[in-house]
Amino acid sequence: SSVRVPSSRKIVCLWRRRTKADRRAAHVYELHTFAMATTMSCNAMFAKTCRPSKMQARSRKNAVQPVGAAGATNPGVDRTTGFETMRKGVKVAAKENILTPRFYTTDFEEMEKLFSLEINPNLDMSEIEASLQEFKNDYNQTHFVRNDAFKKAAENIQGDTRKIFIEFLERSCTAEFSGFLLYKELGRRLKTINPVVAEIFTLMSRDEARHAGFLNKALSDFDLALDLGFLTKNRKYTFFAPKFIFYATYLSEKIGYWRYISIYRHLQENPDNQLYPIFEYFENWCQDENRHGDFFTAILKARPEFLDDWKAKLWTRFFCLSVYVTMYLNDHQRSSFYEALGMDTTEFNMHVLHETNKTVGRVFPQVIDTYNPEFKERLDSMVAMNKQLSAIGESDAPEIMKSLQKLPIIANFVGELLALFLMKPVEGGTYDMASNETALTY
């Protein structure tokens with residue numbers, strides 16, 4: 001038998017709380033969230049954390065929680081993996097740090113002004129309207145259908161490999177989940193201001209909720225899942241100005257495309273490394289990421305002031321650097337995951353960075369030169385420093401001693417970032433949507 005993940009915006013997730021009191025109870029709650037799959041290593045330089053917006057608070061209030069209030073938890077440890085649990089089968093979310101997926105909010109009033117057809121009567125809507133039809137087609141409406149192979153494959157993944165698969169699924173689910181409140185709110189706020197743009201944001205939230213639900217159901221194959229309602233309520237939100245939202249989401253969607261399609265094609269060529277069925281869905285899945293990226297391409301082209309001055313060149317380079325460094329550090333922290341799939345982490349990362357950089361270079365006025373040997377040398381240097389920082393953090397030394405030990409390493413790390421930012425950039429901004437080639441393979 002198969003389980004179909006709903007295509008509507010209300011994704012239903014099922015948890016079974018196997019307690020002595022009630023081993024048969026099934027508890028359902030709605031996912032009121034979406035994802036914007038981007039994390040940045042340098043967010044603190046220009047972002048601030050804030051509490052959830054009023055809309056986010058309403059979503060939390062209306063959300064149906066799993067059995068027991070979200071805050072009424074019974075902490076424990078999963079005996080198989082050692083992960084901390086809130087209660088049976090519900091994993092405590094990974095601690096937030098500078099490399100973990102973030103939740104975002106923005107200046108919605110400024111967004112309204114940017115897309116108002118009264119304020120901007122000459123706003124070029126042609127490519128945006130073309131994007132709307134693509135989203136309405138909903139090509140993946142029936143794609144995310146599970147089968148019995150999922151649970152069986154999860155049972156065969158044990159030991160350290162099981163732990164890294166859970167971490168991969170959690171990070172992916174959190175990233176997809178994190179965006180719903182933002183996209184949903186944009187769809188609501190822009191509904192009367194610009195109905196076309198509003199509908200696209202709403203349909204994008206549909207896609208991201210679908211992805212999050214599919215990933216969280218995959219987590220349950222490993223006898224753990226995330227309490228997404230609790231996560232929504234307790235996660236901090238990072239503020240980005242609208243133009244930074246556009247830069248970040250465009251980059252994250254395009255880099256997501258290249259990551260998914262590269263993993264998919266590698267496993268098609270090496271089926272013995274296909275440890276879990278979710279990767280078989282990546283070919284169609286990545287097209288959602290690609291369409292989302294194309295929508296933000298259309299937005300940036302409709303608002304050329306975000307691309308045509310010296311400040312835009314600096315910001316686009318900065319965002320490229322932030323996203324590239326974050327991905328490289330994250331993946332090298334978890335290289336055993338890619339090794340389990342028969343992949344070389346560094347080779348995979350460099351391929352994804354090269355192809356993403358080519359793609360975004362058609363829109364962004366300047367990008368990082370990823371082919372410059374200095375680029376990879378400094379990335380590898382930061383990987384080594386990141387390992388040093390992790391080792392210090394896990395040591396038994398007093399906190400003040402840890403801070404003193406970290407200071408020179410952090411200083412060197414910042415120096416590497418600055419050196420990468422000051423490398424001679426590659427000029428871009430020659431994008432033509434009709435020639436957007438995305439068929440290269442890993």
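These legends accompany an overview and close-up views of a predicted model.

**View 1. Overall fold of the predicted protein.** The chain folds into 15 helices and 13 strands. The protein has 442 residues, and 55% of them count as buried. Sequence-distant contacts are common here: for pairs at least 6 apart in sequence, 83% of contacts join residues at least 24 apart. The exposed area comes to about 19500 Å². Carbon and sulfur atoms supply 51% of that area.

**View 2. A nonpolar patch on the surface.** Ile400, Met401, Leu404 and Leu407 make this patch. Its area is about 430 Å².

**View 3. Met401 in its helix.** Met401 belongs to helix 15, which spans residues 399–422. Its relative accessible area is 40%. Buried residues fall under 20% and exposed ones over 50%, so Met401 with its 40% counts as partly exposed. Met401 is also one of the residues that make the nonpolar patch.

**View 4. An open sheet of four strands.** The strand order is 5-6-7-10. Pairing in this sheet is mixed. Strand 5 (76–77) and strand 10 (225–226) form the edges. Each of these edge strands pairs on one side only.

**View 5. The pairing of strands 6 and 7.** Strand 6 covers residues 84–87, and strand 7 covers residues 90–91. The two strands run antiparallel. Two bridges join them. Arg87 has Val90, in strand 7, as its bridge partner.

Key
Residues are numbered from 1 along each chain as its sequence is written. This is a predicted model: local features need pLDDT of at least 70, side-chain atom pairs count only at pLDDT 80 or more; totals for chains, interfaces and linings use all residues. Side-chain values use heavy atoms; hydrogens and water are left out. Buried means under 20% relative accessible area, exposed over 50%, partly exposed in between (1.4 Å probe, protein chains only). Contact means heavy atoms within 4.5 Å. Accessible areas come from the Shrake-Rupley method with a 1.4 Å probe; for residues, only the protein chains shown count as cover. Patches are made of residues with over 30% relative accessible area and no salt bridge: like charges are joined within 9 Å, nonpolar side chains (Val, Leu, Ile, Met, Phe, Trp, Tyr) within 5 Å. A salt bridge is a side-chain nitrogen of Lys or Arg within 4 Å of a carboxyl oxygen of Asp or Glu. Two strands pair if DSSP finds at least two bridges between them.
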